[in-house]
Amino acid sequence: MSQSPNIPDPGQSQPMWQPAGPGSSSDAYGQGSASGYAQATRPPAYGNGQPGYSYSQQPNTQQAAYAAPGYGVPYGQAGYVQPGYMQPKSKAAAAVLAFFLGGLGIHNFYRGQVRRGVIHLCLVAAVVVLFVIGGVIIVANTDDFGYTPDGPSAAAGFSFMFATLVALGNCIWALVEFIMILVSSDGSLR
């Protein structure tokens, strides 16, 4: 890039003053001197005297710090968080939670899918309630000799069977979600 002779190149070091030789009428910056001696002059501040540039830097100031995405914010500065943005969750942690606590839906709470987690918990609560109902039916209808009539026994058996089917369905659903977490690229079910 060529520059005019009146503007110094900021990449090259320039002397602050140059003595004028005999018969020279201008100093190093193309400004005429009235006498035969060159005046000690300062070069123009970077950007001030160049047409088309409006850059100016204040002395002893620092530019505001910027943090790289994913590395937090600089000390003492509030960070900007996009509304609705969630930090990515660990795929391994979601898979372990789905395998061991999948029936309770803990992996869904971890991944932020609260509705699915609540449904898992409701199914577990339904299983507990159905087993308690079946147990109460048997205990309430058993005589002193341990005999339970056929009607209450059938009702208790139906309650136990239905509770077992709900528990089995919940466990199969958790297993399917576990496999989907393992197969997905980011641990989500989408």
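A residue is called buried here when its relative accessible area is under 20%, and exposed when that value is over 50%, with partly exposed residues in between. With that in hand, the predicted model can be read from its overall make-up down to single residues.

The protein has four helices and zero strands, so that, read along the sequence, its pattern is α-α-α-α. Of its 190 residues, 18% are buried. The accessible surface amounts to about 14200 Å², and carbon and sulfur atoms hold 63% of that area. Among the contacts whose separation is 6 or more, 43% are between residues 24 or more positions apart.

Helix α1 covers residues 91-101, and its buried residues are A94, A95 and A98. These three cover an arc of only 100 degrees around the axis, which means that they lie on the same side of α1. The general geometry fits this kind of reading, because an α-helix has 3.6 residues a turn, and residues three or four places apart therefore point the same way. On the face of α1 turned away from the buried side sit the exposed residues A92 and F100, while the buried residues themselves have a cover that includes α2 and α4. At the N-terminal end, S90 acts as a cap for α1, with a side-chain oxygen that lies 3.4 Å from the backbone nitrogen of A92.

The next helix, α2, takes in residues 106-110 and contains H107. H107 counts as buried because its relative accessibility is 0%, a value that falls under the 20% cut-off. Leaving aside residues up to four places away in sequence, H107 touches A94, L97, A98, L101, G102, H120, E177 and I181. Several of these partners appear again in the other helices: A94 and A98 are among the buried residues of α1, H120 is one of those of α3, and E177 and I181 are among those of α4.

Helix α3, residues 114-140, has 27 residues and reaches 38 Å from its first C-alpha to its last, which is close to the 39 Å expected at 1.5 Å a residue. Its buried residues are G117, H120, V127, L130 and G134, and what covers them includes α2 and α4. A125 also lies in α3, but this residue counts as partly exposed because its relative accessibility is 39%. The C-alpha of A125 is separated by 9.6 Å from that of L104, although the two residues are 21 residues apart along the chain.

Helix α4 spans residues 150-183. It has 34 residues and reaches 49 Å from its first C-alpha to its last, close to the 50 Å expected at 1.5 Å a residue. The buried residues of α4 are P152, A156, S159, A163, V166, N170, A174, E177, F178 and I181, and they pack against α1, α2 and α3.

A last point concerns the cysteines. A disulfide is a covalent bond between the sulfur atoms of two cysteines, and a search of the whole structure finds zero disulfides. C122 counts as partly exposed because its relative accessibility is 48%, and C171 also counts as partly exposed, at 48% relative accessibility.

Definitions and conventions
Residues are numbered from 1 along each chain as its sequence is written. This is a predicted model: local features need pLDDT of at least 70, side-chain atom pairs count only at pLDDT 80 or more; totals for chains, interfaces and linings use all residues. Side-chain values use heavy atoms; hydrogens and water are left out. Helices (H or I, at least four residues) and strands (E, at least two) are DSSP runs, numbered from the N terminus. Buried means under 20% relative accessible area, exposed over 50%, partly exposed in between (1.4 Å probe, protein chains only). Contact means heavy atoms within 4.5 Å. The expected span of a helix is 1.5 Å times one less than its number of residues. Accessible areas come from the Shrake-Rupley method with a 1.4 Å probe; for residues, only the protein chains shown count as cover. The arc is that of the directions from the helix axis to the C-beta atoms. A polar contact is a pair of N or O atoms within 3.5 Å; within protein, one must be able to donate a hydrogen and the other to accept it, and residues adjacent in sequence count only if both atoms are side-chain atoms. A disulfide is a pair of cysteine sulfur atoms within 2.5 Å.
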